[in-house]
Amino acid sequence: MLLDFGWRFRLGHACDESKDFDFGLDQRTFAKAGTNVASAAELNFDDSSWQQVNLPHDWAVALPFTPSSNPPPPPTDDPHAAHGFKPLGRDYPETSIGWYRRAFDLPASDLGRRLSLEFDGVFRDCIVMFNGYIVGGNQSGYAPFRVDVTDFVNYGGKNVLTVRVDATLGEGWFYEGAGIYRHVWLVKTDPLHIPQWGTWVTSKIEGAMASLDISTELFNDGLTVRKCQLVSTVFDPKGRVVASLKTPVLTVGSQEKRTLAQRAVLHTPTLWSLETPQLYQLVTKVVSGGKAVDDAAVSFGIRSINFDPDKGFFLNGKPIKLNGTCNHQDHAGVGSALPDRLHAWRIERLREMGCNAYRTAHNPPAPELLDACDRVGILVVDETRRMSSDEEAISELERMIRRDRNHPSVILWSIGNEEPQQGTDRGARIATTMKRVCRELDPTRPITAAVDNDKVWGIGITPVLDVLGCNYRTGKIPAFHQHYPNKPTIGTETGSTVCTRGIYVSDPTSGYCVAYDTEAPWWASTAEAWLNVVAPRPFIGGGFVWTGFDYRGEPTPQNRWPNINSQFGFMDTCGFPKDNYFYYKAWWSNEPVLHLLPHWNWQGKEGQKINVWCHSNLDRVELFLNGRSQGVRDVAPLKHVEWDVVYAPGVIEARGYKGGEQVLTAKRETTGAPSQIVLRVDRATIDADGEDIAVVTVEIADAQGRIVPTAGSSVAFALSGPGTLIGVGNGDPKSHEADKGTSRSAFNGLCAAILQATKTPGTIRLDATASGLQSASLSIVTTPVASRPCVG
């Protein structure tokens, strides 16, 4: 049962017990179980003054941007820049602790069942309290965890769940958020049940058939011996039963755990592929005493994967170049607390431009992101957060693999990223232990790690890895292949080109980078440079661009105030494409592409030369200025074409030719002054389930409806109907406006708003106004839907 709705939230204090609800007062916290833990953990504590929130929730995104009180002098990077200048950490005890409370009733009929709480992700170090008892906790900000609360329940009465979250310490060098930023579930089972992540399906393709090996864990958490039978049913992508399996009657002792194996053979199976990502479903029931006492359902895909050191990656026997992106997990307006639909929206944006692979940098992702990759056909490198063999790190790795191993999209387990021990014997020992764990839990997938120092390619952890992940230095991969011809390779990070949407004049003091494919830090490269190495060489399995989307924190190359987010993405933090998006689309997708840049609003530069580029996969392109040809350029593979054009207001037009025929045109026109707001929405109808969202693009346009590419008008939003405005953004890497506000300035003509439905069907109306501009409105219909089971 989903436990996301109806929470209360309040900031605590990392240093002052009186401001932290007496947590730790008199050092009696663990003296007597269920007493003196914290006032906020008590059943009758009054939380009516606390903020009402639903999950997912990230309290950091609502905190003000805060400059360092004593930043190091230039050119030294400001360490607070890495996390986006949000006031978290030891310097900010008053905003680094968060408390959550949720009260709910449980019926007396639950007595005799096993009750547990499953947390998909809490950042970070948290203590879980139930009815005043400390019942569990978790250090990792990314690994899921489970807490059994059976013994602590008030059956037939009120229960209170309290969670103290401490975000003082981080795990990354990027924005990580703070709070219960993924789903929470209340799970009720019979004592005889399938544990969390207890069902696993592997497949093997054999000619026109596929064999399925089904592994199911069974646990009798009761006090008596139970007899039962396991019944497994496999449904094909169209919902038809294609296999039914039953075990003999089993006897399971009290506290006994068993793992049961079943096998099925499918004739002419439907394979999971990038083009047709078809999913099967396995439903497993535990039958005892003549009735089903538990069941579990998992989706899976039938497919084969292989990395060949000479020929690259193969899916179902077909060579596939991994055209991938690395991404962190935050988004404009919501921080790290992404609704499920926003995960899917981001994956869909990537798939539309030809991306076929995703690296979960640098941590296990939300389960819903992998669900989206399964549905649309994107391959995944699934990465654990910490490369270590200590007990906690191994536990995090195990939880990631057990949770994610049914996903057909996952093709590699990644055990590390740019680790200090990557070239050492110690690193090799750690990697060997981690690899052993991976093999024990899943022998079907290879492991990799991202190694950024080419001087240690071949030593340290390299011999342990099944696939070497090369971060940057792509030009040196061919030499590595010559020396180590039996080691498959991929570019786990490539590019790191820095660019700002809509900026075309270089000014290092501005905090922005030009949108041409020309700027990269010392370790990185342009998009063209790395792709011209990787794309033509079959022995390199592919590359993962750093990054698909901009993200908060790590604002390279301006790692200082006022910059607060990265500029590596080929989309900004709102998901608005930058020009490099179209370079990759030209060479990754099968669609004809003709993209022209820059804009053509260059008042004051009349008579001066403007550098004009075209990203295209056509044969040749001819450019016109106000109807006069500026010349024809042949398009070389993996390259752009360009002209220097003397500016005059009007229209530049590119005409693209394929096989001698004109097939596409692209224009940039000198616009008029900002005149109106134009609203566009990704979907005009969404579910009234309290979770679904609509993503609204806000354009500042001239009287003819053309986006004014330099406009920065401040837009105010007003919402009515059964919905909420959960976040706004504009993609400006220097903007300090509130993500949770009701207004937002456009950045180079665009900003965005995210609307979320309530559980009441109806029509949401969004009105957008700005001084001196014609206002705009749009309506979104929210339709009745059967919501998934929720705690009342």
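A cavity here is a set of grid points where a 1.4 Å probe fits but cannot get out. With that in hand, welcome to a quick tour of this predicted model. A search of the whole structure turns up six cavities of 30 Å³ or more, and about 80 Å³ of space lies in the largest of them. The notes below start with these spaces, then move on to helices, strands, single residues and backbone geometry.

**Cavities and pockets**

- The lining of the largest cavity is made up of 13 residues, and those nearest its centre are R552, I564, N565, T573 and R744.
- The second largest pocket holds about 980 Å³ of space.
- A total of 40 residues line the second largest pocket, with R501, P577, R668, I707 and L750 closest to its centre.
- Two or more lining residues of the second largest pocket come from each of α1 (340-352), α7, β30 (594-597), β36 (661-669), β37 (676-681), β39 (693-701) and β43 (750-757).
- Strand β39 supplies the largest share of that pocket's lining, with four residues.

**Helix α1**

- The 13 residues of α1 should span 18 Å at 1.5 Å a residue, and the end C-alpha atoms are 19 Å apart, which agrees.
- Buried residues in α1 are R341, L342, H343, A344, W345, R346, I347, R349 and L350.
- The cover over those buried residues includes β22 (322-326), β23 (357-359), α2 (367-376), α7, β39 and β43.
- After α1 comes G354, which has a positive phi near 100°.

**Helix α3**

- Helix α3 (residues 391-404) has 14 residues, which at 1.5 Å a residue should span 20 Å; the end C-alpha atoms are 20 Å apart, in agreement.
- Most of α3 is covered, since eleven of its 14 residues are buried.
- Charged names appear among the buried residues of α3, including E392, E396, R399, R402, R403 and D404.
- At the N-terminal end, D390 acts as a cap for α3, with a side-chain oxygen 3.1 Å from the backbone nitrogen of E392.

**Strand β8 and its partners**

- Nine of the ten residues of strand β8 (residues 157-166) are buried, leaving the strand mostly covered.
- Strands β3 (residues 97-106) and β8 run antiparallel and are joined by ten bridges. Across this pairing, R164 in β8 stands opposite W99.
- Strands β5 (residues 125-130) and β8 also run antiparallel, with six bridges between them. Here V128 has V163 of β8 as its bridge partner.

**Single residues worth a look**

- T95 sits in the loop between β2 (51-53) and β3. Its relative accessibility is 12%, so T95 counts as buried, given that the cut-off is under 20%.
- A polar atom of the T95 side chain lies 2.5 Å from the backbone oxygen of P87. Beyond neighbours within four places in sequence, T95 is in contact with L11, W59, L63, P87 and L88.
- S566 is found in the loop between β29 (540-546) and α7 (579-588). With 0% relative accessibility, S566 counts as buried.
- Neighbours within four places in sequence aside, the contacts of S566 are D550, Y551, G553, E554 and P555.
- C790 belongs to the segment after β45 (776-783). The C-alpha atoms of C790 and L2 are separated by 4.4 Å, although the two residues are 788 residues apart along the chain.
- C790 is in contact with M1, L2, F5 and K759, again leaving aside neighbours within four places in sequence.

**Backbone geometry to check**

- L55 and P56 are joined by a cis peptide bond with omega of about -5°; P56 has its place in the loop between β2 and β3.
- Another cis peptide bond runs from T556 to P557, with omega near 5°. P557 lies in the loop between β29 and α7.
- N316 is not a glycine, yet its phi is positive at about 55°. This residue lies in the loop between β20 (312-315) and β21 (318-320), and its relative accessibility of 23% makes N316 partly exposed.
- N626, also a residue other than glycine, has a positive phi near 50°. The loop between β32 (620-625) and β33 (628-634) holds N626, which is partly exposed with a relative accessible area of 44%.

Note on methods: Residues are numbered from 1 along each chain as its sequence is written. This is a predicted model: local features need pLDDT of at least 70, side-chain atom pairs count only at pLDDT 80 or more; totals for chains, interfaces and linings use all residues. Side-chain values use heavy atoms; hydrogens and water are left out. Buried means under 20% relative accessible area, exposed over 50%, partly exposed in between (1.4 Å probe, protein chains only). Contact means heavy atoms within 4.5 Å. Two strands pair if DSSP finds at least two bridges between them. The expected span of a helix is 1.5 Å times one less than its number of residues. A polar contact is a pair of N or O atoms within 3.5 Å; within protein, one must be able to donate a hydrogen and the other to accept it, and residues adjacent in sequence count only if both atoms are side-chain atoms. On a 1 Å grid over the protein atoms alone, a cavity is a set of points where a 1.4 Å probe fits but cannot get out, and a pocket is an open set with protein on both sides within 12 Å along at least five of seven lines; lining residues have an atom within 4 Å of a point. Grid points are joined across faces, edges and corners, and a volume is the space filled by probe spheres set on the points.
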